[in-house]
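Reader: I would like a close look at one part of this model and at what surrounds it. Please take it step by step and give the cut-offs as you go.
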Amino acid sequence: MEKIVFYILALIMIVSAIASVSSRKMLRSVIYLLFVLIGVAGIYFLIDYNFLAAVQLTVYAGGIIVLVIFSVLLVHHIEMELEMAQLSKKILTGISCLIGLGLFLFIIYTNDFKVVENSKTTSVEAIGRGLLSYDSGGFILPFEVISILLLAAMIGAIIIGKGDKLTKNDDTL
Amino acid sequence: MIAGISIYEIFTLTSILFFIGIYGFITRKNLISILISLELILNASAINFVVINKYLYPDVLQGVFFSIFIIAVAAAETALAVAIIINLYRQISSVEVKDTEIMKY
């Protein structure tokens, strides 16, 4: 059962990803990306990391996609078609990507992973305690760094998004 | 772990997603499309962290933490990139890569 679900998810993700990088209409490309992100959340649900799946759905499907759709609608006409790369360039890039993919798969399939059979579920409590613990293996410092990064990104986005107005006010002061 | 699915199959899926992202990153001519390809690449790597955590080291949670950090960094990066793109559009009325050759003036 889980096997079938995984294969369906994988098929949806790969097809939508290809459609997303090759669609000529901007808005469709974003919606295909949404399908890929929901598929990723499905994979997280399948391997029993429910918290991560919920974060993926809220942050990506709820936040980032809406942000990108807003920027697409502010910047483009909906019906505008994108300029595409030349065919020779596309073929060259495709071939080099396939070579890279082959290299990746060769390394993965020749490596012997020591898989541990388990069916553990992770509670949100364990994740929270791990993130805030001071002991070895605790992640309190990266957690704080990430919070500073988010604050800095938020302020930076507001300043950049406001554009000229801020500098004009500086001149009058 | 997913019953009946080996770690190799998931790695195959994430590698394919990663290289589709790289293909889009190189061939697309539009800043927003490049941003979309970047999301694909980041997601593929985030799945890898989680899967390695679950299949090889189920007793620890490091992979989950790194995935959370990747998601947070991706959110910050997208917000900043969208702000930059909109500001750029105000100044030069275009978001094509070939028109974006000036930093300020």
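How far apart do the end C-alpha atoms of residues 30-47 of chain A lie, and what percentage of the span is helix and what percentage strand?

Author: This is a predicted model, in which local features need pLDDT of at least 70 and side-chain atom pairs count only at pLDDT 80 or more, while totals for chains, interfaces and linings use all residues. Residues are numbered from 1 along each chain as written, with chains lettered from A and ligands numbered from 1 in the order written.

The end C-alpha atoms of residues 30-47 of chain A are 26 Å apart, and the span is 94% helix and 0% strand (DSSP runs of at least four residues for helices and at least two for strands). An unreviewed UniProt entry marks this span as a "transmembrane region", along with residues 6-23, 59-79, 91-109 and 139-160 of chain A, although such annotations may be inferred rather than shown by experiment.

Within the span, Val36(A) is in contact (C-beta atoms, placed from the backbone, within 7 Å) with Met13(A), Ser16(A), Ala17(A) and Ser20(A), and also with Leu40(B) and Asn43(B) of the other chain, leaving aside neighbours within four places in sequence. Val36(A) and Tyr44(A) are among the residues that touch the most other members of the largest nonpolar core, a set of 64 residues (buried Ala, Val, Leu, Ile, Met, Phe, Trp, Tyr and Cys joined through C-beta atoms within 7 Å). H1, H2 and H3 of both chains each supply at least two residues of this core, and H2(B) gives the most, with twelve residues.

Val68(A), in helix H3 of chain A, also belongs to that well-connected group. Val68(A) counts as buried because it has 24 C-beta neighbours inside 10 Å (20 or more is buried, 12 or fewer exposed, in between partly exposed). Its partners beyond four places in sequence are Val30(A), Ile32(B), Leu35(B), Ile36(B) and Val82(B), and its C-alpha atom is 9.2 Å from that of Leu27(A), 41 residues away along the chain.

The wider setting is the interface, where 71 residues of chain A are in contact with 63 residues of chain B. H3(A) provides the largest share of the chain A side, twelve residues. The axes of H3(A) and H3(B), the latter covering residues 62-92, come within 10 Å and cross at roughly 10 degrees. H3(A) is therefore roughly parallel to H3(B) (an angle under 35 degrees). Their contact includes Val59(A), Val68(A) and Leu74(A) on one helix and Ala75(B), Val82(B) and Tyr89(B) on the other.

Note on methods. Two residues are in contact if their C-beta atoms, placed from the backbone, lie within 7 Å. Axes are lines fitted to C-alpha atoms, for helices over the stretch in contact, and angles run from 0 to 180 degrees between N-to-C directions. Angles under 35 degrees count as roughly parallel, over 145 as roughly antiparallel, 65 to 115 as roughly perpendicular and the rest as oblique.
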